[in-house]
Amino acid sequence: MKIDVSLPGGRARVSRIVIGEDVMERIAEEVGKALRGRSVFWVWDESVWSLWGKKAQSLGWPGLDEGHVIPFAASEPGKRLTAVEFIARRMINAGASRDSAIVAVGGGVTGDVAGFTASIYMRGIPHFQIPTTLLAQVDSSVGGKTGVDLPEGKNLLGTFHQPVQVWSDPRFLSTLPDEELRQGMAEVIKSAVIGDEVLWKFVENHSESIKKRDPEALLRIISASCLLKSRVVQADEKESGYRRVLNLGHTVGHALEKLTGYRLRHGDCVATGMMAAASLSMRLGMMQPGDVEKIRNVCEAWEMPVTIPRSIEPADIIAAIQADKKRIGDKLHFILPVHIGKVMEYTEIDNDEFLDVLEMMRGE
Ligand SMILES: NC(=O)c1ccc[n+]([C@@H]2O[C@H](COP(=O)([O-])OP(=O)(O)OC[C@H]3O[C@@H](n4cnc5c(N)ncnc54)[C@H](O)[C@@H]3O)[C@@H](O)[C@H]2O)c1
Ligand SMILES: [Zn+2]
C-alpha cells in the first residue's frame with residue numbers, strides 16, 4: 001500500500017509512505033532511485049543493526065558497505081543534542097555533504113534524532129525512514145515531527161522535516177519484544193477511537209493474530225493508522241488546530257509519565273489517558289457507557305493499565321496538566337471521544353468534575 005501525504009508550501013511537497021510485506025526486498029531499488037545520486041548515510045538503532053543488518057546487506061541496500069552506517073545506541077535518555085552531534089560528526093568525517101541524505105532505521109527515538117539531524121545538517125538534507133517498531137510504523141514516522149529531549153522535558157528541541165519516503169515492513173516486528181508491541185498498540189487503538197470504526201472492529205476481533213505478529217493483521221493496523229494520521233497531518237501539518245485530535249489520551253497520559261518519573265511507559269499512559277477522556281466524556285453525557293466499556297475491554301485484552309496508580313494523587317495530575325499548559329502557553333484542549341470513531345475538542349473542563357472522574361479511576 002502507498003500513502004502520499006501532500007503538504008502545502010512554496011512548492012508542493014509529498015511524503016510517501018510505503019507499507020507492505022515485500023518492502024525489505026524493494027528498498028535497494030527504490031531507495032536507490034529516490035536518492036537521485038545523493039550519497040546515503042544510514043543511522044541504525046544499534047540493536048536493530050545487530051538483528052537485521054546482515055539481512056539488509058544481503059538484500060543489497062545501497063551504501064551499507066561503504067562506511068556509511070552509523071550505529072546509534074537508541075534510548076530515550078540518549079535522545080539528546082549530543083546524539084545529533086555524534087551523528088553529524090560521523091557524517092562529516094565520512095565525507096557527507098549537502099548532497100547527502102540520511103536513512104533512519106529503528107524506532108521512534110532513531111527516527112526523531114536522525115530526522116532532526118537531517119533537518120539541520122548543512123541547513124537541511126533529505127531523510128528517509130525505515131521504522132522498525134510498531135509505534136514508529138503507526139505514529140512517529142508519519143507527520144514530520146523530529147526532535148530531541150532536554151533534561152527539562154521531552155521533545156523540547158525539534159523541527160518539522162517531512163521524510164521523503166517511509167518504508168514500513170511488518171516483518172521487522174517479528175523481533176520486537178511484546179512490551180514494545182503493546183506501546184504501539186495503544187496508538188493504534190487511539191487512531192481507531194479518533195476516526196476509524198472499521199479499524200476498531202478489526203482490533204477488537206484480531207488481538208491474538210496481532211500478538212502473534214501475523215503479517216496480514218499487522219499490515220491492516222499499520223495501514224489504517226498511517227492513513228488516519230496522514231489525513232490529519234495533511235489538514236494541519238504544524239498543529240495549529242485539527243492535528244490536536246491526535247492528542248487523545250495524551251493530556252492525562254503525559255501527566256502520568258511525568259508523575260511516575262517515566263517509569264510508566266508512554267503507550268500504557270496513553271491507554272489510561274484514553275480511559276480518563278472516555279470517562280469524562282461519559283460524565284458530561286457525551287459518550288455512552290457501552291462505548292467506554294468497549295475501550296476498557298480492548299485495553300485490558302492488551303494488558304494496558306486502565307486505572308490510575310494509588311500512589312498518584314488526582315490533584316497532582318491536574319496540576320501537572322496545568323503546568324504543561326502554562327509552558328506551552330496555550331489553553332487546555334481536551335480531546336474527548338464522543339463515540340468510537342469520533343472525537344471532539346473540549347476547552348471548558350470543570351476541575352471538580354475532572355477530579356471526581358480521576359478519583360473514580362484510582363486502582364490498587
Ligand atoms: N515524531 C513523532 O511524531 C513522534 C510520535 C510519537 C512518538 N515519538 C517518539 O518516539 C519515541 C518512542 O519510539 P519507540 O517506542 O519506537 O522507541 P525506541 O526507538 O526506543 O524503540 C523501542 C525499543 O525497541 C528496540 N527495537 C526497535 N526495533 C526493533 C526490532 N525490530 N526488533 C527488536 N527490537 C527493536 C529499540 O532498540 C528500543 O530498545 C519517543 O522518543 C517519542 O517521543 C515521536
Ligand atoms: Zn503518543
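Reader: What makes strand 10 and strand 11 count as a pair?

Author: Strand 10 and strand 11 (residues 342-346) are joined in the antiparallel sense over 5 bridges. Two strands pair if DSSP finds at least two bridges between them, so the 5 bridges satisfy the criterion. Within this arrangement, isoleucine 335 stands opposite glutamate 345 of strand 11. The hairpin of these strands has 2 residues between them, and its glycine 341 takes a positive phi near 105°. Strands here are DSSP runs of E with at least two residues, helices are runs of H or I with at least four, and both are numbered from the N terminus.

Reader: On what basis were the values obtained?

Author: The model is predicted, so that local features need pLDDT of at least 70 and side-chain atom pairs count only at pLDDT 80 or more, while totals for chains, interfaces and linings use all residues. Side-chain values use heavy atoms, with hydrogens and water left out; residues are numbered from 1 along each chain as its sequence is written, and chains are lettered from A and ligands numbered from 1 in the order in which they are written.

Reader: Which strands pair with strand 9 in the parallel sense?

Author: Strand 2 (residues 13-19) does so over 4 bridges, and strand 6 (residues 127-131) over 2 bridges. Glutamine 165 of strand 9 is the bridge partner of arginine 16 and also of phenylalanine 128.

Reader: How do you know that both faces of strand 9 are covered?

Author: Gln165 and Trp167 on one side, and Val166 and Ser168 on the other, are all buried. Buried denotes under 20% relative accessible area, exposed over 50%, and partly exposed the range in between (1.4 Å probe, protein chains only).

Reader: Why is arginine 213 called buried?

Author: Its relative accessibility is 13%, which falls under the limit, so arginine 213 is classed as buried. Arginine 213 occupies the loop between helix 8 (207-211) and helix 9 (215-235).

Reader: What lies 2.6 Å from a polar atom of the side chain of arginine 213?

Author: The backbone oxygen of leucine 176 is found at that distance. A polar contact requires a pair of N or O atoms within 3.5 Å; within protein, one must be able to donate a hydrogen and the other to accept it, and residues adjacent in sequence count only if both atoms are side-chain atoms. Contact in the general sense means heavy atoms within 4.5 Å. With neighbours within four places in sequence left aside, arginine 213 has such contacts with residues including Leu173, Pro177, Asp178 and Leu218.

Reader: How many aromatic pairs does a search of the whole structure find?

Author: The search finds 6. Rings of Phe, Tyr and Trp (its six-membered ring) pair if their centres lie within 6.5 Å; planes under 30 degrees apart count as stacked, over 60 as edge-to-face and the rest as tilted. The rings of tryptophan 52 and phenylalanine 172 have centres 5.0 Å apart and planes at 70°, so this pair is edge-to-face. Tryptophan 52 belongs to helix 2 (residues 46-58) and phenylalanine 172 to the loop between strand 9 (165-168) and helix 6 (178-195), 120 residues apart. Both residues are buried.

Reader: What makes the pair of phenylalanine 334 and phenylalanine 354 stacked or edge-to-face?

Author: Their ring centres are 5.2 Å apart and their planes stand at 90°, so the pair is edge-to-face. Phenylalanine 334 lies in strand 10 (residues 334-339) and phenylalanine 354 in helix 14 (residues 351-360), so the pair ties together parts 20 residues apart in sequence. Phenylalanine 334 is buried at 2% relative accessibility, and phenylalanine 354 is buried with a relative accessible area of 2%.

Reader: Which residues do ring pairs link into a cluster?

Author: The cluster consists of Trp42, Trp44, Trp49 and Trp61.

Reader: Which residues coordinate the zinc ion (ligand 2)?

Author: Glu187 (OE), His250 (NE2) and His266 (NE2) coordinate the zinc ion (ligand 2) at 2.0 to 2.1 Å. Donors are N, O and S atoms within 2.8 Å of the metal (3.2 Å for Na, K and Ca), and water is not among the atoms, so sites may look incomplete. Along the chain, the donors follow the spacing E-x62-H-x15-H. Glutamate 187 lies in helix 6 and histidine 266 in helix 11 (residues 266-283), so the pair ties together parts 79 residues apart in sequence. Glutamate 187 counts as buried, at 2% relative accessibility.

Reader: Why is alanine 323 called partly exposed?

Author: Its relative accessible area is 45%, so alanine 323 falls between the two limits already given. Alanine 323 is situated in helix 13 (residues 314-328).
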